[in-house]
Amino acid sequence: MLRLLVTVAVAVLPVSGTACTLLAPFDMGQIGGAELVVVGEVTDYAMVEGTWNAALVTVQIDETLKGRATGEVTFVWNGGMAQGPHEARAKGRVLIGAMEGGRIALSTLVPDERPDLPSIIQPYCGEVWMQPASPAVVKAARKALE
């Protein structure tokens, strides 16, 4: 009986590595919370030197749905607890929801590596606000921003 109680107690203890057991999917209904919403072609991806949780994503802007952005813009992608930056996600034509001057919430646990750049929204336990910009996704973003 004691072994069963110990097993149950250990199973319910919080473990730092399992802070986010599920990745909350991107919800287009929340895109209005971004200060900057753009559609464009990724032209470059590079990890921020000396970090494991931040990357620079450069995008040639085709269309700005919210905020002001034109030409080529470099965004910083600061990783969350459930998803970090990875090059496979930053390819092709994308829709990005970002904050103009850094992220919504900062902590010493996951610092903002480049607060001087617009930051792609990366919820701590959610999917990054950078999605492949299919016609359906762009249409849904326009509708959500109305």
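**View 1. Aspartate 116 is exposed in this predicted model.** Its relative accessible area is 53%. Aspartate 116 forms a salt bridge with arginine 114. The closest N and O atoms of the two are 2.7 Å apart. Arginine 114 counts as partly exposed, at 29% relative accessibility. Side chains of opposite charge can pair when their charged atoms come close.

**View 2. Aspartate 62 and arginine 93 join two strands through a salt bridge.** The N to O distance is 3.3 Å. The pair links distant parts of the chain. Aspartate 62 sits in strand 2 (residues 54–66). Arginine 93 belongs to strand 4 (residues 93–99). In sequence they are 31 residues apart. Aspartate 62 is partly exposed, with a relative accessible area of 47%. Arginine 93 is partly exposed too, at 35%.

**View 3. Glutamate 87 and lysine 91 meet in a salt bridge.** Their side chains come to 3.9 Å, N to O. Is lysine 91 buried or exposed? Lysine 91 is exposed, with a relative accessible area of 51%. The cut-off for exposed is over 50%. Glutamate 87 has 42% relative accessibility, so this residue counts as partly exposed. Five salt bridges are counted in the structure, including this one.

**View 4. Phenylalanine 26 and tryptophan 129 form an aromatic pair.** A search of the whole structure finds one such pair. How are the rings of phenylalanine 26 and tryptophan 129 arranged? Their centres lie 6.0 Å apart, and their planes stand at 75 degrees. The pair is therefore edge-to-face, as planes over 60 degrees apart count that way. Distant parts of the chain meet here. Phenylalanine 26 lies in the loop between helix 1 (2–12) and strand 1 (36–47). Tryptophan 129 lies in the loop between strand 5 (119–120) and strand 6 (130–132). The two are 103 residues apart. Both are buried.

**View 5. Phenylalanine 75 is among the residues with the most contacts inside the largest nonpolar core.** That core has 19 residues. Val57, Ile96, Ile120 and Met130 share this high contact rank with Phe75. Which elements give two or more residues to the core? They are strand 1, strand 2, strand 3 (72–78) and strand 4. Neighbours within four places in sequence are left aside in the next list. Phenylalanine 75 is in contact with Leu36, Val38, Ala55, Leu56, Val57, Val59, Ile61, Ile96, Ala98, Pro118 and Ile120.

**View 6. A second core stands separate from the largest one.** This second core has 13 residues. Phe26, Ile31, Val37 and Ala133 are among them. Phe26 is also one half of the aromatic pair with tryptophan 129.

**View 7. Strand 1 pairs with strand 2 and with strand 4.** How many bridges join strand 1 to strand 2? There are 10, and the two strands run antiparallel. Glutamate 41 stands opposite glutamine 60 in strand 2. Strand 1 and strand 4 also pair in the antiparallel sense, over six bridges. Here glycine 40 has valine 94 in strand 4 as its bridge partner.

**View 8. A hairpin turn connects strand 1 and strand 2.** Six residues lie between the two strands. Glycine 50 is in this turn. Its phi is positive, at about 85 degrees.

Definitions and conventions:
Residues are numbered from 1 along each chain as its sequence is written. This is a predicted model: local features need pLDDT of at least 70, side-chain atom pairs count only at pLDDT 80 or more; totals for chains, interfaces and linings use all residues. Side-chain values use heavy atoms; hydrogens and water are left out. A salt bridge is a side-chain nitrogen of Lys or Arg within 4 Å of a carboxyl oxygen of Asp or Glu. Helices (H or I, at least four residues) and strands (E, at least two) are DSSP runs, numbered from the N terminus. Buried means under 20% relative accessible area, exposed over 50%, partly exposed in between (1.4 Å probe, protein chains only). Rings of Phe, Tyr and Trp (its six-membered ring) pair if their centres lie within 6.5 Å; planes under 30 degrees apart count as stacked, over 60 as edge-to-face and the rest as tilted. A nonpolar core is a set of buried Ala, Val, Leu, Ile, Met, Phe, Trp, Tyr and Cys residues joined through side-chain atoms within 4.5 Å. Contact means heavy atoms within 4.5 Å. Two strands pair if DSSP finds at least two bridges between them.
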